[in-house]
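Visitor: Hello! Could you walk me through this structure, one question at a time?

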Amino acid sequence: MEVGQMQRRLVDYTKSLFMEGFLDAQFLQLQQLQDESNPDFVVEVVSLFLDDSEKLLNDLTMALDQPNVDFKKVDAHVHQLKGSSSSIGAQRVKNACIAFRSFCEEQNIDATLRCLQQVKQEYYLVKNKLETMLRLEQQIVAAGGSIPMIELGF
Amino acid sequence: MARNGGVAWMRTTEKIDGYDLSTSDTEEVHVLAVDDSLVDRKVIERLLRISSCKVTAVDSGRRALQYLGLDEEIQKKETNGFDPFFYCDFQGLKVDLIITDYCMPGMTGYELLKKVKESSAFREIPVVIMSSENVIARIDRCLEEGAEDFIVKPVKLSDVKRIIDYTTTELREGELREGARAKRRGINKRKQREGDDDLSSSPPSTLSSSTSSSPSSSIQSATAPSSPSTLDSPTRRLKMTSSE
């Protein structure tokens, strides 16, 4: 596949992620912070987010598995996950966290367990999408092309 | 939160370089960024660097105080009072601006703000609070305690540029005042030596008017594309309405 085709495929793929709500404008902000002097910025931030999230999801699983659930602790973890997902533009994860927090407030164990499942699902989805997108970018760069910019307003 | 088009100018480095040229006569703003989230630290660090700042990022209020040399625990350990060499290990470069997250384990951003404002050495440093929660009561509390501004997360480049712009302006104005004062002192001393006691005020006023016009106009051009965002800050809105 030649570079132009790969670039078009990347643009279409990235646009679909915005259309489907996986990513929001904050992700565009991050892309704009990447340039020749910092060519791996997005990859680095996404990696940090993925590592951080895996840890938080593990902590959440353990916290909700306790005989006496400490909802304050659970809420603190969800708050962190909400923050980092918001900072990278992972919109659906962020929204799942918002719902999660309201059930933490109610100290509703069944609902919070369902929320955890929901957050995990959204997380794995966006993880998959981001990794696919970054792989496409890598292929373009390896073939000597540049990563096309997405502009909102499509 | 979608912003259309206006992002295109950010991609080229010419505008940023142009902005750098106009500030090359002053030092870079050194920002101490405080956030317990690794992801957020990475992002804020990049936002600040791309805005031509020097950045020191720490993960807690405690570490921020250590960096400033305000940590009481360390001070207590020094039995014979102030030891400048001891503080050199912890203190870094002079900080021009502190930008801190509100919600942090241990010391919150609000508590850090209070500690900074209570210190005679550091109370002049502007402190900006960041929070994911846009709560008026929280914003008010921070402003009352002396916060310079309040940014709602996620932080965008326009937020950072706005803050750096007015920090740079205030620093420059401070330097200009200092420079004008020093020059006046120099002129006065020379006149006293010459036995001339006609201390007209025209030299200082020419100095201040000629030096202040160009930097501020170049700041204006750099912020022009993002000027609508000055209204986005909750505190800027409050400040603007109260001054009119």
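Visitor: In which order do the elements of chain A run from the N terminus on?

Guide: Welcome! Keep in mind that this is a predicted model. Chain A has 6 helices and 0 strands. Read from the N terminus, its elements therefore go α-α-α-α-α-α.

Visitor: And how many helices and strands does chain B have?

Guide: Here you will find both kinds of element. The secondary structure of chain B consists of 11 helices and 5 strands.

Visitor: What does the C-alpha trace of chain A span along its principal axes?

Guide: Let's begin with one pair of residues in the chain. A:Q5 sits in helix α1 (residues 3–19) of chain A, and its C-alpha atom is separated by 22 Å from that of A:V43, 38 residues further along the chain. For the C-alpha trace of chain A, the spans along the principal axes are about 55 × 30 × 25 Å.

Visitor: Is A:Q5 buried, partly exposed or exposed?

Guide: The cut-offs settle this one: buried means under 20% relative accessible area, and exposed means over 50%. A:Q5 has a relative accessible area of 40%, so this residue is partly exposed.

Visitor: What percentage of the residues in chain A are buried?

Guide: Let's take the surface before the inside. Chain A has an accessible surface of about 7500 Å², and 48% of this belongs to carbon and sulfur atoms. Of the 154 residues in chain A, the buried ones make up 51%.

Visitor: What percentage of the residues of chain B count as buried?

Guide: We can go the same way here. Chain B exposes about 13000 Å², with carbon and sulfur atoms supplying 53% of that area. Chain B has 244 residues, and the part that counts as buried is 44%.

Visitor: Among contacts in chain A with a separation of 6 or more, what percentage is between residues 24 or more positions apart?

Guide: Let's put the two chains side by side. In chain B, among contacts between residues at least 6 apart in sequence, those joining residues at least 24 apart come to 66%. For chain A, residues 24 or more positions apart account for 69% of the contacts with a separation of 6 or more.

Visitor: What is the area buried between chain A and chain B?

Guide: Start with who takes part: 30 residues from chain A and 23 residues from chain B make up the contact. Carbon and sulfur atoms give 60% of the buried area. The area buried between the two chains is about 2400 Å².

Visitor: Which element gives the largest share of the side of chain A that touches chain B?

Guide: First, the polar side of the interface: the rule finds 7 residue pairs in polar contact across it, both residues at pLDDT 80 or more. On the side of chain A that touches chain B, the elements giving two or more residues are α2 (25–32), α3 (41–64) and α4 (71–88) of chain A. By class, this side has 10 nonpolar, 14 polar and 6 charged residues. With 8 residues, the largest share comes from α4(A).

Visitor: How many salt bridges does the rule find across the interface of chain A and chain B?

Guide: Side chains of opposite charge can pair when their charged atoms come close. Over all chains, the structure holds 21 salt bridges. Across the interface of chain A and chain B, the rule finds 4.

Visitor: Which residue forms a salt bridge with A:D35?

Guide: A:D35 is buried, at a relative accessible area of 14%, and its partner also counts as buried, at 9% relative accessibility. The closest N and O atoms of the pair are 3.2 Å apart. The partner lies in helix α3 (residues 38–50) of chain B and A:D35 in the loop between α2 and α3 of chain A, so the pair joins two chains. The residue you are looking for is B:R46.

Visitor: How many residues apart in sequence are the parts that B:D35 and B:K153 tie together?

Guide: These two residues form a salt bridge, with closest N and O atoms 2.7 Å apart, and both B:D35 and B:K153 are buried. B:D35 lies in the loop between β1 (30–34) and α3 of chain B, while B:K153 lies in the loop between β5 (149–152) and α9 (157–194), so the parts they tie together are apart in sequence by 118 residues.

How values were computed. Residues numbered from 1 in each chain as written. Chains lettered and ligands numbered in written order. Predicted model: local features only at pLDDT ≥ 70, side-chain atom pairs only at ≥ 80, totals over all residues. Heavy atoms only, no water. Contact = heavy atoms within 4.5 Å. Buried area = accessible area lost by both parts, 1.4 Å probe. Salt bridge = Lys/Arg side-chain N within 4 Å of Asp/Glu carboxyl O. Polar contact = N/O pair within 3.5 Å; in protein donor to acceptor, adjacent residues only side chain to side chain. Helix = DSSP H or I, 4+ residues; strand = E, 2+ residues; numbered from the N terminus. Nonpolar A, V, L, I, M, F, W, Y, C, P; charged D, E, K, R; others polar. Buried < 20%, exposed > 50% of the residue type's maximum accessible area, 1.4 Å probe, protein only. Areas by Shrake-Rupley, 256 points an atom, 1.4 Å probe, with all protein chains shown as cover.
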